[in-house]
Amino acid sequence: MFCDQVSLILTAGSGGNGCISFRREKYVPRGGPDGGDGGHGGSIVIKVNSNLNSLFHLCKKKKYTAEFGYPGARFNKAGRVGEDLVLEVPQGTLLYNEETNELIKDFVTNNEAMIFMKGGKGGFGNAHFVSSIRQAPKFAEQGETGASLTVRLEMRLVAEIGIIGLPSVGKSTLISRITDAKPKIADYPFTTLIPNIGVVEMSRWGGEKNETFVVADIPGLIEGAHKGKGLGDEFLRHISRTAFLIHVLDCQSNDLFRDYKIILNELMAYDPVLALRPQLVVINKIDTLDSKNRGKTIEDFNKFLKLNLKSKAPQVLAISAVTGDGLKDLIHLSWKASQKFRQASLAATVSNQAVKSDYKIFRPHLDKISQAFEILKEQEGFRVKGKRIEQIADMSDFANKEALARIDDIFKKMGILKELKKIGAKVGDKIMIGDKLTQFRG
Ligand SMILES: Nc1nc2c(ncn2[C@@H]2O[C@H](COP(=O)(O)OP(=O)(O)OP(=O)(O)O)[C@@H](O)[C@H]2O)c(=O)[nH]1
Ligand SMILES: [Mg+2]
């Protein structure tokens, strides 16, 4: 089964609870608090692995949750940090927020990683809350709940090899022979209007089972394409990331060298870097020539290339996309080129791995978060909204009197108390923060 799209529910690990504990030693009747902090929850990390070419390994399960942080313990022992959950995706994967359909990230580079959802904060143990006025706190923070989000991963095949050439030379016929793509083929120019993408499975050509590479066939180019002639040259962007180009010529043409130059000029006008990409020239439709003419056509063309381009002359192969002649050689040369390209891009990105600052964080719980809040009057009481206050409420045990007293302190410090009074809150009114409920204590 080929799986190129998957919708998943990702949840970061919740933080571990802080511990409530007091030292109990033989000759110390009332020891101080010694409850340790909970560990942070594991994060959800998304990482590119260019050896993958499907999302199949993620399709088997719907929910992915990172490990929770462990609770703190007595003797000021901190809880263990939860392990990150690393989801590997193929190069060229798009990450969307499934709920809003917003594109979050385009994973382009091998080994690129993103801490997508940071794990919940571990709760402080009661030892943390000792102060001059509170010497024996009988409360601790609970671990922060890990964030959860439904996402969609879409794999966009990134072609390693592009097939280019004038209209009707047989580009689509070629891709239909070497991959599972089923493009439209016809004997009139501009049959292909949008690029076709196909996967070459090397096992069909004497290679190993899991060896594959991706090929793109794009609409035919003509002279002046860069000025908008024919279908223009805009779709060349689809092959701008390719490693290698297969340049197809039609042996029935009366000037192969001219055809070759037209395409080269158009590539140059579009992007000189693309024009310098390694090329393999294939002369197609050789089934239409008898063996004598076949040899002569190839020989003449090679002579011409050598004369004009000298050492820069590309390698030339003769094929028939219809009978399959020469295709095995073409596939093996292409495979070698794509391998070389992968190794080069791997080497170029190894250093990236160490650069942590490249990581982007989707929901930075552990960073400074906004103290801003707003208060909404609801049918029964008031709702206090705000990132920081919701985080504190999430981490507080509302059944513990001392924890509630701390909330009151925080209300005072953040100015929430003042605001509640201003809009008419009275003692006993319901106060909602996130999914926690309490009463206004004035
Ligand atoms: N005899 C012969 N005909 C071929 C061969 N390859 C392609 N053709 C024919 O050439 C015509 C054009 O083929 P396509 O594959 O549609 O050509 P294309 O390069 O994709 O053309 P555009 O999409 O218009 O740019 C069709 O009629 C094919 O059957 C071949 O190897 N031998
Ligand atoms: Mg075509």
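The exercises below, each with a worked solution, concern a predicted model and look at a ligand site and two helix pairs.

**Exercise 1. Describe the surroundings of ligand 1, starting from the residues that come nearest.**

Solution. Begin with the shell, in which 23 residues lie around ligand 1, and Thr173, Phe190, Thr191, Thr192 and Asp287 come nearest. Next, sort the shell by class, which gives nine nonpolar, 10 polar and four charged residues. Then ask where its residues come from: the largest share, three residues, is supplied by helix 2, which spans residues 171-178.

**Exercise 2. Find which side chains place a polar atom by an oxygen or nitrogen atom of ligand 1, and state how much of the ligand the protein buries.**

Solution. Take the oxygen atoms of the ligand to begin with: a polar side-chain atom of Lys171 lies 2.8 Å from an oxygen atom of ligand 1, and an N or O atom in the side chain of Lys285 is 3.1 Å from an oxygen atom of the ligand. Turn then to nitrogen, where a polar side-chain atom of Asp287 lies 2.8 Å from a nitrogen atom of ligand 1. Finally, consider the surface: ligand 1 taken alone exposes 650 Å², and the protein buries 87% of that.

**Exercise 3. Work out how helix 3 is oriented relative to helix 5, and which residues make the contact.**

Solution. Helix 3 (residues 256-270) packs against helix 5 (residues 291-309) at an angle of about 50°, and their axes are 10 Å apart. Helix 3 is therefore oblique to helix 5. On the side of helix 3 the contact is made by Leu256, Phe257 and Tyr260, while helix 5 contributes Thr297, Phe301, Phe304, Leu305, Asn308 and Leu309. Sorted by class, this contact has seven nonpolar, two polar and no charged residues.

**Exercise 4. Do the corresponding analysis for helix 7 and helix 8.**

Solution. The angle between helix 7 (residues 387-394) and helix 8 (residues 401-414) is about 170°, with the axes 11 Å apart. Helix 7 is therefore roughly antiparallel to helix 8. Arg388, Ile389, Ile392 and Ala393 of helix 7 meet Arg406, Ile407, Ile410, Phe411 and Met414 of helix 8. By class, the contact comprises seven nonpolar, no polar and two charged residues.

Technical notes: Residues are numbered from 1 along each chain as its sequence is written. Chains are lettered from A and ligands numbered from 1 in the order in which they are written. This is a predicted model: local features need pLDDT of at least 70, side-chain atom pairs count only at pLDDT 80 or more; totals for chains, interfaces and linings use all residues. Side-chain values use heavy atoms; hydrogens and water are left out. Axes are lines fitted to C-alpha atoms, for helices over the stretch in contact, and angles run from 0 to 180 degrees between N-to-C directions. Helices (H or I, at least four residues) and strands (E, at least two) are DSSP runs, numbered from the N terminus. Angles under 35 degrees count as roughly parallel, over 145 as roughly antiparallel, 65 to 115 as roughly perpendicular and the rest as oblique. Contact means heavy atoms within 4.5 Å. Ala, Val, Leu, Ile, Met, Phe, Trp, Tyr, Cys and Pro count as nonpolar, Asp, Glu, Lys and Arg as charged, and the others, Gly among them, as polar. A residue is near a molecule or strand if one of its heavy atoms lies within 4 Å of it. A polar contact is a pair of N or O atoms within 3.5 Å; within protein, one must be able to donate a hydrogen and the other to accept it, and residues adjacent in sequence count only if both atoms are side-chain atoms. Accessible areas come from the Shrake-Rupley method with a 1.4 Å probe; for residues, only the protein chains shown count as cover.
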